[in-house]
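Good morning, and thank you for coming. I should like to take you through one structure today, with the display in front of us as we go.

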Amino acid sequence: MADQRPAVEVFAPAKINLTLHVTGQRADGYHLIDSLVVFADVGDRLRIAPGDAFLMTVGGPEANAVPRGEDNLILQVARLFGGLEGTGFDLIKNLPVSSGIGGGSADAAATYRGLSAITEGLDRSAELLALGADIPMCLHSVAARVSGIGEKVDSLPELPPLHAVLANPRRAVLTPSVFKALVQKSHPPMPKTLPTFKNAQTLVAWLAEQRNDLEGPAMSLEPSIAEVKTVLASQQNCLLTRMSGSGATCFGVFPDQQSAERAALAMAQTHPDWWVKNARLGSQSARARPQLIRSTT
């Protein structure tokens, strides 16, 4: 008898750290953060469907850099559910790896959302943190204030969306190396109570007063990050530039979609070897919701 389980398609949006304040380090080595996180309308796509074996395939423009072994986060999340011996995972990889925008963690979170939609397994969300500190914040793809080591996620669904350009020099930066290069481990957090942002302009003005404490260490390891920020800042109408996560992806904020599109086009022409995308940043929970695909046969 044919497997009657439905297939599911899930969007895995890029995670963007609008701020990233490193506030301390625990005895076990994990760093404490205070970060304002949003998600982009660009990302990877995952299809989960019945198959002949427990197998993952990868396609898309960034496929070559994706690890295929047992340590792949998609397969690790799938093993939390059990009973998936005849399940295939088809990933379309559009986000560069090791780039500070949570590509692997977003894929892991998408896997969890997809499998939760098609199985009757127990809630395994508490186990995701052990697989990666960024996975919990990617689980619902909603704008949020993230603290602790990444496990405390306070959603901010009313945060104004931003128009942006994302740019990566295609230089992989390893997160552990960046944190190791961070000399001062304790910095001030964001204000205890965030202001009310009436529009994108007030949000950008406030962001300009905040930080990503990993920018300096990341630039010391990969100087091309500074070039990316400089090129972004030189684009017409750019309001703010910052590195996301541990790098090397940086973002520039623009007043409208047209400005962002023009900047992305210009940068792609002058730096064809970079990964450049214009994006809308905010909550992507609706777009990231699993889409069931039932067989008609």
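By class, the residues that line the largest cavity comprise eight nonpolar and two polar ones, with no charged residue. I should say at once that this is a predicted model. The residues in that lining are Pro161, Leu162, His163, Ala200, Gln201, Val204, Leu239, Val253, Phe254 and Pro255. The volume enclosed is about 50 Å³, and a search of the whole structure finds one cavity of 30 Å³ or more.

Which elements each supply at least two residues of this lining? They are strand E8, residues 162-168, helix H5, residues 200-207, and strand E10, residues 250-254. The largest share comes from H5, which provides three residues.

Let me now turn from the cavity to the largest pocket. The space in this pocket amounts to about 1200 Å³. Its lining is made up of 42 residues, and those nearest the centre of the pocket are Leu73, Ser105, Asp134, Thr175 and Pro176. Two strands and three helices give two or more residues each to this lining: strand E1 (7-17), strand E3 (31-50), helix H1 (73-81), helix H2 (103-118) and helix H4 (175-181). Of these, H2 gives the most, with four residues. In terms of class, the pocket lining divides into 20 nonpolar, 17 polar and five charged residues. Charged residues thus appear in the lining of the largest pocket, whereas the lining of the largest cavity has none.

We may now step back to the chain as a whole. The chain contains eight helices and 12 strands. Its radius of gyration is 19 Å, close to the 19 Å that the globule rule gives for 297 residues, so the chain is as compact as a globular protein of that length. Along the principal axes, the C-alpha atoms fill a box of roughly 60 × 45 × 35 Å. Of the 297 residues, 52% count as buried. The chain exposes about 13600 Å², and carbon and sulfur atoms supply 52% of that area. As for contacts between residues at least 6 apart in sequence, 76% of them join residues at least 24 apart.

Next, some individual positions, beginning with the backbone. As a general matter, most residues other than glycine have a negative phi, and most peptide bonds are trans. With that in mind, consider the bond that joins Gly247 and Ala248: this peptide bond is cis, with omega about 10°. Ala248 is located in the loop between strand E9 (240-243) and E10.

Gly247 and Ala248 also appear among the contacts of Ser99. Leaving aside neighbours within four places in sequence, Ser99 is in contact with Asn168, Gly247, Ala248 and Thr249. Ser99 itself is found in the loop between strand E5 (87-92) and H2. Is Ser99 buried or exposed? Its relative accessible area is 3%, and because the cut-off for buried is under 20%, Ser99 counts as buried.

Two residues have a positive phi although they are not glycine. One is Ser141, with a phi of about 55°; the other is Arg170, with a phi of about 60°. Both are found in loops: Ser141 lies between helix H3 (135-138) and strand E6 (144-148), and Arg170 lies between E8 and H4. What of their accessibility? Ser141 is buried, with a relative accessible area of 1%, whereas Arg170 is partly exposed, at 41%.

My last position is Pro217, which lies in helix H6, residues 215-221. Its relative accessibility is 9%, so Pro217 counts as buried. Which residues does Pro217 touch, if those up to four places away in sequence are not counted? They are Val178, Ala181 and Leu182. Two of these positions, Val178 and Ala181, fall within the range of H4, 175-181. Finally, Pro217 and Ile118 are 99 residues apart in sequence, and their C-alpha atoms are 42 Å apart in space.

To close, I would ask you to keep two sites in view on the display: the largest cavity, where H5 supplies the largest share of the lining, and the largest pocket, where H2 gives the most. Thank you for your attention.

Definitions and conventions
Residues are numbered from 1 along each chain as its sequence is written. This is a predicted model: local features need pLDDT of at least 70, side-chain atom pairs count only at pLDDT 80 or more; totals for chains, interfaces and linings use all residues. Side-chain values use heavy atoms; hydrogens and water are left out. On a 1 Å grid over the protein atoms alone, a cavity is a set of points where a 1.4 Å probe fits but cannot get out, and a pocket is an open set with protein on both sides within 12 Å along at least five of seven lines; lining residues have an atom within 4 Å of a point. Grid points are joined across faces, edges and corners, and a volume is the space filled by probe spheres set on the points. Ala, Val, Leu, Ile, Met, Phe, Trp, Tyr, Cys and Pro count as nonpolar, Asp, Glu, Lys and Arg as charged, and the others, Gly among them, as polar. Buried means under 20% relative accessible area, exposed over 50%, partly exposed in between (1.4 Å probe, protein chains only). Contact means heavy atoms within 4.5 Å. The radius of gyration is taken over C-alpha atoms; the globule rule is 2.2 Å times the number of residues to the power 0.38. Accessible areas come from the Shrake-Rupley method with a 1.4 Å probe; for residues, only the protein chains shown count as cover.
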